[in-house]
Amino acid sequence: CPSGVGKTQFSLNFAFNFCLGKSFLNKEITSTGKVGFLSLEMGSPQVDHFLKNQCSKMTESEMDLLEENFKTCPMGEPLYLNKVSNQEMVEELVFENKLNGLIIDSLGSSTNESLQTDTEIKHIIDWIDRVRKQHNCFLWIIHHHRKATNQNKKPNHIDDIYGSMYISARASSVFCLWKTAKPTEVEL
């Protein structure tokens, strides 16, 4: 998805609704769960700003439940998930907090290699699959589309995801966000 379209806000909105057992995109969430937010792009001040804005209309009981079910890890710097020691650190975060899911912002900050290198990306995707199975949780990865070109002025399809084909090949779901003419509309 392009920069500034609201990928982080969209992801946090899902996380909050999952943590609170509220519906998301007209789909009912029937129970609550714990979600972690690993921010490799924003540090504490930026993440706190996002959270404050998104929580401004929550009730006190919602805030209490969110405090119990939502965990943040605002690193604000890359964490190379193609390195085993970093993978182990993230798995420990999932295990210790008994997370049902983890949102990672973003894939571009999770490797020191090119996102177009199949070998490195496949290594990360294999690890994601392993974490999902071993910890019975979901991983939600925020990522970007290719930049617009003269041949493709609106790269908003799954084939337009930046990098190796392995990035989307084994994904359970992919949401492509794109700004529309109306600021309140979101195309999926």
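**Briefing: salt bridges and the parallel sheet**

Lys122 has a relative accessibility of 32% and therefore counts as partly exposed, since that class lies between the buried limit of under 20% and the exposed limit of over 50%. The model described here is predicted. Two topics are covered below: the salt bridges, of which the structure holds 6, and an open sheet formed by 4 strands.

**The salt-bridge network**

- Lys122, Asp126, Asp129, Arg132 and Arg170 are connected to one another through a network of salt bridges.
- Within this network, Lys122 is paired with Asp126, and their closest N and O atoms are 3.3 Å apart.
- Both Lys122 and Asp126 belong to helix 5, where 4 residues, about one turn of the helix, separate them.
- Asp126, like Lys122, counts as partly exposed, because its relative accessibility is 29%.
- Asp126 also meets the side chain of Arg170 in a salt bridge, with an N to O distance of 2.5 Å.
- Because Asp126 is located in helix 5 and Arg170 in the segment after helix 6 (166-169), this pair ties together parts that are 44 residues apart in sequence.
- Arg170 has a relative accessibility of 35%, so this residue is classed as partly exposed.

**The pair Glu91 and Arg130**

- A further salt bridge is formed by the side chains of Glu91 and Arg130, at 3.9 Å from N to O.
- This pair links distant parts of the chain, 39 residues apart: Glu91 lies in helix 4 (residues 84-96) and Arg130 in helix 5 (residues 118-135).
- Glu91 counts as buried because its relative accessibility is 14%, which is under the 20% limit.
- Arg130, at 35% relative accessibility, therefore counts as partly exposed.

**The sheet**

- The 4 strands of the open sheet are arranged in the order 2-1-3-4, with parallel pairing.
- Strand 2 (70-74) and strand 4 (138-142) are the edge strands, each of which pairs on one side only.
- On average, neighbouring strands of this sheet are turned by 15 degrees against each other, direction ignored.
- Strand 1 (residues 35-39) and strand 3 (residues 101-105) run parallel and are joined by 5 bridges.
- Ser39 is positioned opposite Asp105, a residue of strand 3.
- In general, the strands of a sheet pair through backbone hydrogen bonds, in either a parallel or an antiparallel manner.

Definitions and conventions: Residues are numbered from 1 along each chain as its sequence is written. This is a predicted model: local features need pLDDT of at least 70, side-chain atom pairs count only at pLDDT 80 or more; totals for chains, interfaces and linings use all residues. Side-chain values use heavy atoms; hydrogens and water are left out. A salt bridge is a side-chain nitrogen of Lys or Arg within 4 Å of a carboxyl oxygen of Asp or Glu. Helices (H or I, at least four residues) and strands (E, at least two) are DSSP runs, numbered from the N terminus. Buried means under 20% relative accessible area, exposed over 50%, partly exposed in between (1.4 Å probe, protein chains only). Two strands pair if DSSP finds at least two bridges between them. Axes are lines fitted to C-alpha atoms, for helices over the stretch in contact, and angles run from 0 to 180 degrees between N-to-C directions.
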